[in-house]
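Hi everyone, thanks for coming. I'd like to walk you through a structure that's probably new to most of you, so let's get it up on the screen.

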Amino acid sequence: MARSFFITGTDTDAGKSIVTAGLLRALAAKGVPARAVKPVQTGCMPVNGLNEAPDVQLYRKAGGRGKALKAFGVPCSPHLAARLEHARLDLAELARACRAEAAGVDIVLFEGAGGLYVPLNEQDTMLDLMRELMLPVLLVVANRLGCINHAILSLDALENAGIDTAGIVLCRTLPPSIPDPGTATGAETAILEENARFLKGLAGKRQIPFLADIPFIPNFSPEDPYAWHRLEALLMPAAEHLLGVASCDAADASPKSGMSDLATQPALSAQEILDFDRAHLWHPYTSALAPLPVREVTGTSGARILLRGGQELIDGMSSWWCALHGYGNKSLVKAAQRQAARFSHVMFGGLTHAPAVELGRRLLPLLPKGLEHIFYADSGSVAVEVAMKMAVQFWRSLGNTEKSRFVALRGAYHGDTTGAMSLCDPVTGMHALFTGLLPRQIFVERPTCRFHEPYDPRSFHPMERALREHAAKIAAVVIEPVVQGAGGMWFYHPQYIKSLRSLCDELGMLLIADEIATGFGRTGRMFAYEWAGITPDILCMGKAMTGGMMTFSAVAATAETAGGISTAPPERGGGLFMHGPTFMANPLACAVACASIDTLLASPWRERVSAIEHSLSQGLAPCRGLPGVADVRVLGAIGVVETEQPVDVERWQDFFVACGVWIRPFGHTVYVMPPLIASPDDLARLTRALCAAARSAASHGGTPQIKDVPPPLS
Ligand SMILES: *Cc1c(COP(=O)(O)O)cnc(C)c1O
């Protein structure tokens, strides 16, 4: 794949088309195959019943090749031109069509319409299309009064969108406004020259190449070979520069990275990335020396993950439960940028700030009455540590030092730090490996009462026995309400939790709900304990709280729990809760969490979860009864296929990636929990891939074969 570029302007009529056409000529003169593509062209005149795109005509007159992907008649903004023809431009579809164009051997110059914020539809702008494509951008600056301001605004907008600017071309398309010689014309010349001088300086400071200063060409006619000749000469340095950028990683087959973020350093090649990663970067749950293979991500968008080389995967993992709204959600990105521009972090000792308070004000109404003291921490595991310390401190503050053990369920997962790990399933949590380090907790068998089956009270007996037997030593019972996540994706009956709540009250022990995976709507309730209608004493939140933008967590405690800790006499802790992470209440994370909660609440999330539940149930049903499949279950936006034998993660992943989906199984579980914004088509592709894998595995000893990857859907 050759390198392509996006050409945009500071405004309409900045000279983009002339520059694009001139570049085609200059590239042709260098013997390089290049084409120009207008993703959207408006103002097309009907010729022989066909809409003829004016810019495409211009490319042709320059001796180049080009086409328009979407053409509309009326010369106005694309959103309006489309609407006038009862059409709507779809960003994802347009981006896909552009990517298909860029996949050939030619250098493609994509020419935008108007400036960066020209609307494509009611939501998306030309800049969103540029962001989807992530091609280096050539900015054509209209040399006229006001252009410095326009140029800086455009460059900042590109930079904020994470897009590299490959260069600036200054272009004068207007004739001198006052034909009369004299001072006024003199002033205009001075303005144009000053624009050029200033922008060259600005470009230098930003390390963006200033590629050409195209003067007004009097009597320019597209029919005039001499005019094209002149333009070609003026743009030759620009063409040469683009070729340099293009060859920089031509070997790399990536439409994505031009210059790296450190704008002056050439981007690393795909091989360099993988080699360094393999040699030096540790990945989760794998060896440093012989790790499982990894794939390089170069971008994300909506429910899609983009791999180096251009392959798009539909995300079935929400990046481990957290990317609730998919990727690149505009309000979340804006919240992070806005807060970063104000202040990104201050210590929480002795200081406070609006983002922390705003987040608290959003969380409280989501929680049952009583849960009213919030502790912000940095990750899920830390939240669990905090909750454990709260429970122990609570009993000490009452003078009870005996209560310092915890009850947890087999099949549980509560995090990887030492305390949290002591609560994880002893087998899958590898407790044997850490004997001596881990505190020993009390484990109760996994609840046998399935979510969708009538409740059998006998399923609670093991818990009841354990609690009664050890009551004096137990500080708290820790559960993942309704859905046990990373310990095996098990769904159990809410009545179990109801019984647990009553018994904890009766025996005097706290109930900690770890909703790090289930919180914020995943199961069809805002929090999974709502299925049981109970209030935990301590609640842990994390993962989806920031919509997957960054690490963050929160622990909410009841007034009684917090009150107990806080009124202890000096010899029992003095009322101070002894925890305080450096990045506690990080303002960036708080601001993003606020935006994520607002986004969730403003969306029809309940309907979405139940629609996803329906799609997953239907889509995964064919797996039921296949050899090697032990169980198929769906709850909310979580779908699970449990296998009889542990899966070969690498081989299953290869199969899924070949299907164009991102699903990462573990142990006996192959599961999906897509972002809530996943489309019906995305969901169908996810379940289709999962079924194909299970079917292939069924006839090949438990491991799917690449030859069984279904042909792509059109
Ligand atoms: C992921 C998870 C944790 C740990 O959160 P981290 O942010 O990975 O530390 C704890 N509890 C549950 C239920 C989880 O799913």
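Okay, let's begin with a sheet of seven strands: the order is S13-S21-S20-S19-S16-S14-S15, the sheet is open, and the pairing is mixed. At its edges you'll find S13, residues 371-377, and S15, residues 442-444, and each of those pairs on one side only. If you ignore direction, neighbouring strands here are turned against each other by 20 degrees on average. And just so you know, we're looking at a predicted model.

Let's stay with S13 for a moment. Which strand is S13 joined to by six bridges? That's S21, residues 553-558, and S13 and S21 run antiparallel. To pick out one pair, Ile 374 has Ala 556 in S21 as its bridge partner.

Now for the helices on this sheet. Helix H12, residues 354-363, lies across S13, S20 and S21, and runs at about 135 degrees to S13. Then there's helix H13, residues 380-397, which lies across S13, S14, S16, S19, S20 and S21. What angle does H13 make with S21? About 25 degrees.

Right, on to another sheet. This one is open too, with four strands in the order S10-S11-S12-S24, and its pairing is mixed. The edge strands are S10, at 297-301, and S24, at 661-662, each pairing on one side only. Between them in that order come S11 and S12. S11 covers residues 304-307 and S12 covers 312-315; they run antiparallel, with three bridges joining them. If you want a residue to find on screen, try Arg 304: its bridge partner in S12 is Ile 314.

Note on methods: Residues numbered from 1 in each chain as written. Predicted model: local features only at pLDDT ≥ 70, side-chain atom pairs only at ≥ 80, totals over all residues. Heavy atoms only, no water. Pairing = 2+ DSSP bridges. Helix = DSSP H or I, 4+ residues; strand = E, 2+ residues; numbered from the N terminus. Axes fitted to C-alpha atoms, helices over the stretch in contact; angles between N-to-C directions. Contact = heavy atoms within 4.5 Å.
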